[in-house]
Amino acid sequence: MRVLLTPVCSKDEGAFYTPIFAQMIHDGALQWATGDIVLDKEEIAEKVAV
């Protein structure tokens, strides 16, 4: 199965939003890894995949 991704924003928008989203993912993963947040990984995956 091959998945093609189409851009949903311009290069400038992507350059602006990419570090913001990366930081959000990092912070969430860090909180989860350090035990500050205890949530079911399947539930998280379902919500993030929407």
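A residue counts as exposed when its relative accessible area is over 50%, as buried when that area is under 20%, and as partly exposed in between. With that in hand, here are some close-up views of this predicted model.

**View 1. The whole chain is built from helices, without strands.** Let us begin with the overall picture. The protein chain has two helices and zero strands. Of its 50 residues, buried ones make up 2%. The chain exposes about 5000 Å², and carbon and sulfur atoms supply 65% of that area.

**View 2. Helix 1 has a span that agrees with its residue count.** Helix 1 covers residues 11-33. Its 23 residues, taken at 1.5 Å a residue, should span 33 Å, and the end C-alpha atoms are 32 Å apart, which agrees. There is a local bend to look for, too: a kink of about 30° lies at Tyr17, shortly before the proline Pro19. Just after helix 1, Gly35 takes a positive phi of about 85°.

**View 3. Phe16, Tyr17 and Phe21 form an aromatic cluster.** Two aromatic pairs are found in the structure. In one of them, the ring centres of Phe16 and Tyr17 are 5.1 Å apart and the planes meet at 80°, so this pair is edge-to-face. The rings of Tyr17 and Phe21 have their centres 6.0 Å apart with planes at 20°, so this pair is stacked. Tyr17 and Phe21 are four residues apart in helix 1, which means that about one helical turn separates them. Together, the ring pairs link Phe16, Tyr17 and Phe21. How accessible is each ring-bearing residue here? Phe16 is exposed, because its relative accessible area of 53% is over the 50% cut-off. Tyr17, at 37%, is partly exposed, and Phe21 is partly exposed as well, at 46%.

**View 4. A nonpolar surface patch takes in the aromatic cluster residues.** Which residues make the nonpolar surface patch? They are Phe16, Tyr17, Ile20, Phe21 and Met24, and the patch measures about 530 Å². Ile20 is found in helix 1 and counts as partly exposed, at 36% relative accessibility. Tyr17 is worth a second look in this view, since the kink in helix 1 lies at this residue.

**View 5. Glu43 and Lys47 form a salt bridge in helix 2.** Side chains of opposite charge can pair when their charged atoms come close. How many salt bridges does the structure hold? There is one, and it joins Glu43 to Lys47, with the closest N and O atoms 3.2 Å apart. Both residues sit in helix 2 (residues 41-48); they are four residues apart, so about one helical turn lies between them. Is Lys47 buried or exposed? Lys47 counts as exposed, at 60% relative accessibility, whereas Glu43 is partly exposed, with a relative accessible area of 40%.

How values were computed:
Residues numbered from 1 in each chain as written. Predicted model: local features only at pLDDT ≥ 70, side-chain atom pairs only at ≥ 80, totals over all residues. Heavy atoms only, no water. Phe/Tyr/Trp six-rings, centres within 6.5 Å; stacked < 30°, edge-to-face > 60°. Buried < 20%, exposed > 50% of the residue type's maximum accessible area, 1.4 Å probe, protein only. Salt bridge = Lys/Arg side-chain N within 4 Å of Asp/Glu carboxyl O. Patch = residues over 30% accessible without salt bridge, like charges linked within 9 Å, V, L, I, M, F, W, Y side chains within 5 Å. Areas by Shrake-Rupley, 256 points an atom, 1.4 Å probe, with all protein chains shown as cover. Expected span 1.5 Å × (residues − 1). Bend = angle between axes of the 7 residues up to and from the residue.
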